Amino acid sequence: MKFLVDLENFLRSRFPNYPAEGALTLEPCPAGQEGDFTLNCFKIARFCGNPAAAAQAVAEFLAGHEAVEKVSAVKAFVNLTLKAEELY
């Protein structure tokens, strides 16, 4: 998905130690949480300082991305809802 590529490119530009290969995995949002998908920022914390800082950077970027309808950071996780046209 293009937004994930864009996100990882942003993280590489913001955090010099972010790896060249993809480090984030899109997962289904857990039951009881709002969103289509979640990103576990514990996986990238070592590149971004700490899990909360990683989640904040991810949420800030995704909030302005054209593919994302809604985003929220919950501790070290970022829940997101994609626009309908991005799902098909």
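## Lys70 and its partner Glu34

Lys70 is partly exposed in this predicted model, with a relative accessible area of 44%. Its side chain takes part in a salt bridge with Glu34, in which the closest N and O atoms are 1.8 Å apart. Because Glu34 sits in the loop between S1 and S2 while Lys70 belongs to strand S3, residues 68-74, the pair ties together parts of the chain that are 36 residues apart in sequence. Glu34, for its part, is exposed, and its relative accessible area is 52%.

## The other salt bridges

The count for the structure comes to four salt bridges, and two more of them are described here. Glu27 and Lys43 meet through their side chains in a salt bridge with an N to O distance of 3.0 Å. This pair also links distant parts of the chain, since Glu27 is in strand S1 and Lys43 is in the loop between S2 and H2, 16 residues apart. Glu27 is partly exposed at a relative accessible area of 25%, and Lys43 is likewise partly exposed, with a value of 32%.

The salt bridge between Lys2 and Asp6 has its closest N and O atoms 2.8 Å apart. Here both residues lie in helix H1, four residues apart, which is about one turn of the helix. Lys2 counts as exposed, with 52% relative accessibility, whereas Asp6, at 19%, counts as buried; the cut-off for buried is under 20% relative accessible area, so Asp6 falls within that class.

## Aromatic pairs

A search of the whole structure finds three aromatic pairs. One of them is formed by Tyr18 and Phe47, whose rings are arranged edge-to-face, with 5.6 Å from centre to centre and 65° between the planes. The two residues come from distant parts of the chain, 29 residues apart, with Tyr18 in the loop between helix H1 (2-14) and strand S1 (26-28) and Phe47 in helix H2, residues 45-48. Both partners are buried: Tyr18 has a relative accessible area of 6%, and Phe47 has one of 17%.

Phe42 and Phe77 make up another aromatic pair, again described as edge-to-face, with centres 5.8 Å apart and an angle of 70° between the planes. Since Phe42 lies in the loop between strand S2 (37-40) and H2, and Phe77 lies in strand S4, this pair ties together parts that are 35 residues apart in sequence. Phe77 counts as partly exposed, at 31% relative accessibility.

## Patches on the surface

Phe42 and Phe77 appear once more at the surface, where, together with Val74, they form a nonpolar patch whose accessible area is about 250 Å² in total. The patch therefore includes Phe77 at 31% relative accessibility, a value that passes the requirement of over 30% for membership.

A patch of another kind is one of negative charge, in which Asp36, Glu66, Glu69, Glu85 and Glu86 gather on the surface. Among these residues, Glu85 is found in the segment after strand S4, which spans residues 77-82. Glu85 is exposed, with a relative accessible area of 56%.

How values were computed. Residues numbered from 1 in each chain as written. Predicted model: local features only at pLDDT ≥ 70, side-chain atom pairs only at ≥ 80, totals over all residues. Heavy atoms only, no water. Patch = residues over 30% accessible without salt bridge, like charges linked within 9 Å, V, L, I, M, F, W, Y side chains within 5 Å. Areas by Shrake-Rupley, 256 points an atom, 1.4 Å probe, with all protein chains shown as cover. Lys, Arg positive; Asp, Glu negative; His and termini not counted. Charge placed at Lys NZ, Arg CZ, Asp CG, Glu CD. Buried < 20%, exposed > 50% of the residue type's maximum accessible area, 1.4 Å probe, protein only. Phe/Tyr/Trp six-rings, centres within 6.5 Å; stacked < 30°, edge-to-face > 60°.
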